[in-house]
Amino acid sequence: MKVKRKIIEIDEDRCTGCGQCVIACAEGAIEIVDGKAKVISDNLCDGLGACLGDCPEDALKIVEREAEEFDEEAVMAHLEDKGADGPSAPEPPGCPSAGIRMFDGGGGTPCQKANKPAAVTSTTSHLAHWPVQINLIPPTAPFLKNADLLVAADCVPVAYPGFQAEFMPGRAVMIGCPKFDDTKSYRDKFVEIFNVANINTITCVMMEVPCCRGLPTLLADARKAAGRDIPLEVVTVSSTGEIKDRRRI
């Protein structure tokens, strides 16, 4: 059904096909077709304009016109299709790290695990999806649905030697820097995640340094804005790699 609503319009004359808007579009509504960015289906575009600031040529704008209604279920199906293995899941142009992938984060089948030497088993990655950067993960990513969410400052995995083994198994992980990244965009993204993904629990792991203190605050604010009573645990790691504090907020 078509309604009059806001939607993204792309000026093909200005567009250079750089792919930055593809990465910025959390719904996967934009793709590069014949060297130009295109909104591939109106019902995938929410019209909020999160992609606007990422275009170096100012080729995107929001217009109001007759268009198919935004369809969250269609977005989920589209992103799952893009994240599947095989030819139906092309990597987006621009930054390859934005391509959604899901895989075994436990090191293979039970048989494969049982036959691994101890030295190899101890270095098995527990990562079960890609990407991991907060800025690159769309709120509708399939691995976020009904997930136990791990949100970590990006210095933590370097400082804390047990990060993977202790925190990552069974969790969807998102990492970022609350000092150098845009924390308002973080908050807005988490509000949307909490609204659409039915998150079970949140574990926030941060460093003891002052610039990390905003990370649990923005998560708590996003939880409140979304009206979701999601359990939130905050773990603080010292600069020497020790856990200093655990608390629930």
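Two strands pair if DSSP finds at least two bridges between them. The structure here is a predicted model.

**Strand E9 and its neighbours**

Strand E9 covers residues 201-207. Six of its seven residues are buried, so E9 is largely enclosed by the rest of the structure. E9 is joined to strand E7 and to strand E10, as tabulated here.

| Strand joined to E9 | Residues | Bridges | Direction | Example of bridge partners |
|---|---|---|---|---|
| E7 | 148-153 | five | parallel | Asp148 (E7) and Thr201 (E9) |
| E10 | 232-237 | six | parallel | Thr203 (E9) and Glu233 (E10) |

From E9 the chain crosses through helix H8, residues 214-226, to reach E10. This β-α-β crossover is right-handed. As for side chains, in a regular strand they alternate between the two faces of the sheet.

**Aromatic pairs**

Rings of Phe, Tyr and Trp pair if their centres lie within 6.5 Å. The count by this rule comes to three aromatic pairs. In one of them, the ring centres of Tyr160 and Phe167 are 5.9 Å apart. Their planes stand at 55°, so the pair is tilted. The cut-offs explain the label: under 30 degrees counts as stacked, over 60 as edge-to-face and the rest as tilted.

Are these two residues buried or exposed? Buried means under 20% relative accessible area. Tyr160 has 13% relative accessibility, so Tyr160 counts as buried. Phe167 has 2% relative accessibility and also counts as buried. Tyr160 and Phe167 form one aromatic cluster together with Phe163.

Notes. Residues are numbered from 1 along each chain as its sequence is written. This is a predicted model: local features need pLDDT of at least 70, side-chain atom pairs count only at pLDDT 80 or more; totals for chains, interfaces and linings use all residues. Side-chain values use heavy atoms; hydrogens and water are left out. Buried means under 20% relative accessible area, exposed over 50%, partly exposed in between (1.4 Å probe, protein chains only). Helices (H or I, at least four residues) and strands (E, at least two) are DSSP runs, numbered from the N terminus. A crossover is right-handed if, with the strands pointing away from the viewer, the path from the first strand over the helix to the second runs clockwise. Rings of Phe, Tyr and Trp (its six-membered ring) pair if their centres lie within 6.5 Å; planes under 30 degrees apart count as stacked, over 60 as edge-to-face and the rest as tilted.
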